[in-house]
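Work through the exercises below with the sequence and the model open. Try each task before you read its solution.

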Amino acid sequence: MKYIIMDLEWNGATTSEGYFNEIIEIGAVAMDDSMNVTGEFQSFVNPKHTKKLRGRIKELTHITNEDLKNAGRFISVFNRLKEWIGSAEDNCMLSWGNADITVLYENLERYHMLDEIFVIKHYCDAQLLCQKAVGISLAKQVGLSAFAEMIEVIPGEDQLHRAIGDSRLTARCVAKLFTPELYKEFAKKADRVFYDRMNFKSYCIQDLNDERIKQSRFMTECPECHVYLKRMTRYTCRNKKHYARYRCGLCAREYNISHLFKMTYDGLEHRCTAIPVSTGLNAGENETEPLAQQSDENVPSEQTTDE
Ligand SMILES: [Zn+2]
């Protein structure tokens with residue numbers, strides 16, 4: 001397996017087709033199965049849409065407009081990268097977080113060369129692999145330089161926030177923590193489904209009459225009596241959540257019920273929260289964390305204990 005640790009720098013450009021993260025530098029380090037560095041790739045990209053670098057990008061990367069003017073266009077730089085990756089052996093691309101692979105996809109799409117992305121055979125998020133290796137929750141996003149410092153990987157002479165410097169630093173972190181088990185856990189086949197999933201933008205369904213929402217979703221049991229609650233009020237929508245007051249016919253307890261319907265790549269995700277009503281509070285105002293989260297049938301069975 002050939003491991004390609006890639007890092008990109010990009011600049012936000014506004015074009016007639018909308019906002020676009022335009023790549024201005026590609027850096028990559030190749031490693032073999034023993035995590036020995038076998039090669040490096042670095043190139044600036046002369047941007048088509050970026051007329052002048054944003055101040056923040058210049059400050060962060062120290063890339064100048066002159067650096068870019070003398071570089072090749074994206075298509076030619078990508079073709080060189082592709083040649084450098086080669087097709088002779090199986091490969092896996094790694095990057096710190098999935099922003100770089102997302103932006104690479106976006107740029108290839110812009111130039112109508114999306115099929116070229118399949119030069120990459122597998123993808124592995126180095127950030128997930130490294131954080132798991134040292135026991136940091138994957139819900140946290142630790143920056144590359146902070147992480148490197150944490151595991152005592154020294155950046156050396158490399159300039160941070162530059163594609164080649166960051167890919168070298170990522171490569172050193174990966175080399176230090178890599179195990180076949182972690183690789184197996186986080187590496188994915190980089191096929192169409194992988195990119196479809198990566199590009200899918202989750203959204204909330206606002207219309208409760210949307211046909212994707214089954215009416216049975218609104219049937220909520222009393223956490224005490226396990227009979228269905230009766231709805232007392234109309235639904236009101238706030239922050240994408242739908243609230244209504246429900247009442248139990250047996251014990252007469254009242255609950256503020258909230259529903260959130262989120263479409264993800266894998267289907268409809270339904271979050272339902274039931275908060276026992278205490279006097280003087282309107283629906284939703286005493287809300288805490290969801291009691292239950294489920295992606296198929298029906299609603300919660302627990303109750304909060306803070307009342
Ligand atoms: Zn009840």
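**Exercise 1. Which residues does Val174 touch, not counting residues up to four places away in sequence?**

Solution. Step 1: apply the contact rule, under which two residues touch if their C-beta atoms, placed from the backbone, lie within 7 Å. Step 2: list the partners. Val174 touches Ile5, Leu94, Ala126, Leu129 and Cys130.

Before going on, note the ground rules. This is a predicted model, in which local features need pLDDT of at least 70, side-chain atom pairs count only at pLDDT 80 or more, and totals for chains, interfaces and linings use all residues. Residues are numbered from 1 along each chain as its sequence is written.

**Exercise 2. Place Val174 in a nonpolar core.**

Solution. Step 1: fix the terms. A residue is buried if 20 or more other C-beta atoms lie within 10 Å of its own, exposed if 12 or fewer, and partly exposed in between. A nonpolar core is a set of buried Ala, Val, Leu, Ile, Met, Phe, Trp, Tyr and Cys residues joined through C-beta atoms within 7 Å. Step 2: find the hubs. The largest core has 45 residues, and Ile4, Ile5, Ala28, Leu94, Ala126, Cys173 and Val174 touch the most other members. Step 3: find the main contributor. Strand S2 gives the largest share of this core, 7 residues. Step 4: look elsewhere. Another core lies apart from this one; its 11 residues include Ala244, Cys248, Tyr255 and Cys272.

**Exercise 3. In what order do the 6 strands of the open sheet run, and which helix packs on the sheet?**

Solution. Step 1: define the elements. Helices (H or I, at least four residues) and strands (E, at least two) are DSSP runs, numbered from the N terminus. Two strands pair if DSSP finds at least two bridges between them. Step 2: read the order. It is S3-S2-S1-S4-S5-S6, with mixed pairing. Step 3: check the edges. S3 (37–44) and S6 (187–189) each have a single partner strand, so one side of each lacks a neighbour in the sheet. Step 4: add the twist. It averages 30° from one strand to the next. Step 5: add the helix. H7 (residues 163–177) packs on the sheet and touches S1, S2, S3 and S4 (91–95). Its direction makes about 50° with that of S2, with axes fitted to C-alpha atoms, for helices over the stretch in contact, and angles running from 0 to 180 degrees between N-to-C directions.

**Exercise 4. Trace the pairings of S2.**

Solution. Step 1: S1 (residues 2–15) and S2 (residues 18–31) run antiparallel, joined by 13 bridges. A hairpin of 2 residues links them. Ala13 faces Phe20, and Gly12 stands opposite Asn21. Step 2: S2 also runs antiparallel to S3, over 7 bridges. Glu25 has Phe44 as its bridge partner there. In this hairpin, with 5 residues between the strands, Met35 takes a positive phi near 65°. Step 3: check burial. In S2, 11 of 14 residues are buried.

**Exercise 5. Do the same for S10.**

Solution. Step 1: S10 (residues 241–247) has 5 of its 7 residues buried. Step 2: S9 (residues 236–238) joins S10 antiparallel through 3 bridges. Thr236 pairs with Tyr243. Asn239, in the turn of 2 residues, has a positive phi of about 50°. Step 3: S11 (residues 254–264) is antiparallel to S10 over 6 bridges. Arg245 has Asn256 as its bridge partner.
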